[in-house]
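User: I am new to reading protein structures and would like a close look at one part. Could you walk me through a single helix and what surrounds that helix?

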Amino acid sequence: MQKLSDEHWMSIAFEEALKAQELGEVPVGAVIVNNDGIVAKAHNQPISKNDPTSHAEINAIRIAAKKLSNYRLSNCNLYVTLEPCAMCYGAIVHSRISKVIFGAFDKKTGVCGSCQNFENLRCFNHLPEIKSGVLEYKCSILLSSFFKSKRN
């Protein structure tokens, strides 16, 4: 069986981001993959759920942990259309996700190289592997178009 590409999984995360946009949420989507299969898909919902923690990554982690009956998501990869913030990075560390693959950089709150680089901190007992820029242009355009429409 051929291993599916990072672009394939990011395309599914992008579909989740479009669902968030339809709800009037910031268009961010996430997918958690294990053994070349989807464990969880989710999108941003802090506005619709009145929950500031309802970011795509957190929602996907909650679904995956429940589905796998384990709060540890070792051997799982997280695909997310936007660079994780500090809160999401903390959840990624605590869930022991193996690898984070993200699309667009977040120059305001990103902690995987944009504002901060939490990979360089020595205060975490787990450091996921990070890969950036997968479908970056597509993810960036979706976000910038969303915020442009909000300003107009």
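Analyst: Here is a walk around helix H3, its neighbours and the core.

This is a predicted model, in which local features need pLDDT of at least 70 and side-chain atom pairs count only at pLDDT 80 or more, while totals for chains, interfaces and linings use all residues. Residues are numbered from 1 along each chain as its sequence is written, and side-chain values use heavy atoms, with hydrogens and water left out.

Helices (H or I, at least four residues) and strands (E, at least two) are DSSP runs, numbered from the N terminus. Helix H3 spans 86–95. Is H3 mostly covered or mostly uncovered? Mostly covered: seven of its 10 residues are buried. Buried means under 20% relative accessible area, exposed over 50% and partly exposed in between, using a 1.4 Å probe and protein chains only. The buried residues are Cys88, Tyr89, Gly90, Ala91, Ile92, Val93 and Ser95. Their cover includes H2, S3, S4 and strand S5 (129–131).

Let's turn to one of these partners, H2. Two packed helices are described by the angle between their axes and the distance between the axes. Axes are lines fitted to C-alpha atoms, for helices over the stretch in contact, and angles run from 0 to 180 degrees between N-to-C directions. The axes of H2 and H3 come within 9 Å and cross at roughly 25 degrees, so the two helices are roughly parallel to each other. The cut-offs are under 35 degrees for roughly parallel, over 145 for roughly antiparallel, 65 to 115 for roughly perpendicular, and oblique for the rest.

Which residues meet here? From H2 come Glu57, Ile58 and Ile61, and from H3 come Met87, Cys88, Ala91, Ile92 and Ser95. Contact means heavy atoms within 4.5 Å.

Ser95 deserves a look of its own. This residue of H3 counts as buried because its relative accessibility is 3%. Setting aside neighbours within four places in sequence, Ser95 is in contact with Ile61, Tyr71, Arg72, Leu73 and Ser74. After H3 comes Arg96, with a positive phi near 65 degrees.

Next is Ile97. Again leaving aside neighbours within four places in sequence, Ile97 is in contact with Ile32, Ile61, Leu73, Cys76, Asn77, Leu78, Ile92, His126 and Pro128. A nonpolar core is a set of buried Ala, Val, Leu, Ile, Met, Phe, Trp, Tyr and Cys residues joined through side-chain atoms within 4.5 Å. Of the 44 residues in the largest such core, Ile32 and Ile97 touch the most other members. The elements giving two or more residues to this core include H2 and H3, while H1 gives the most, with six residues.
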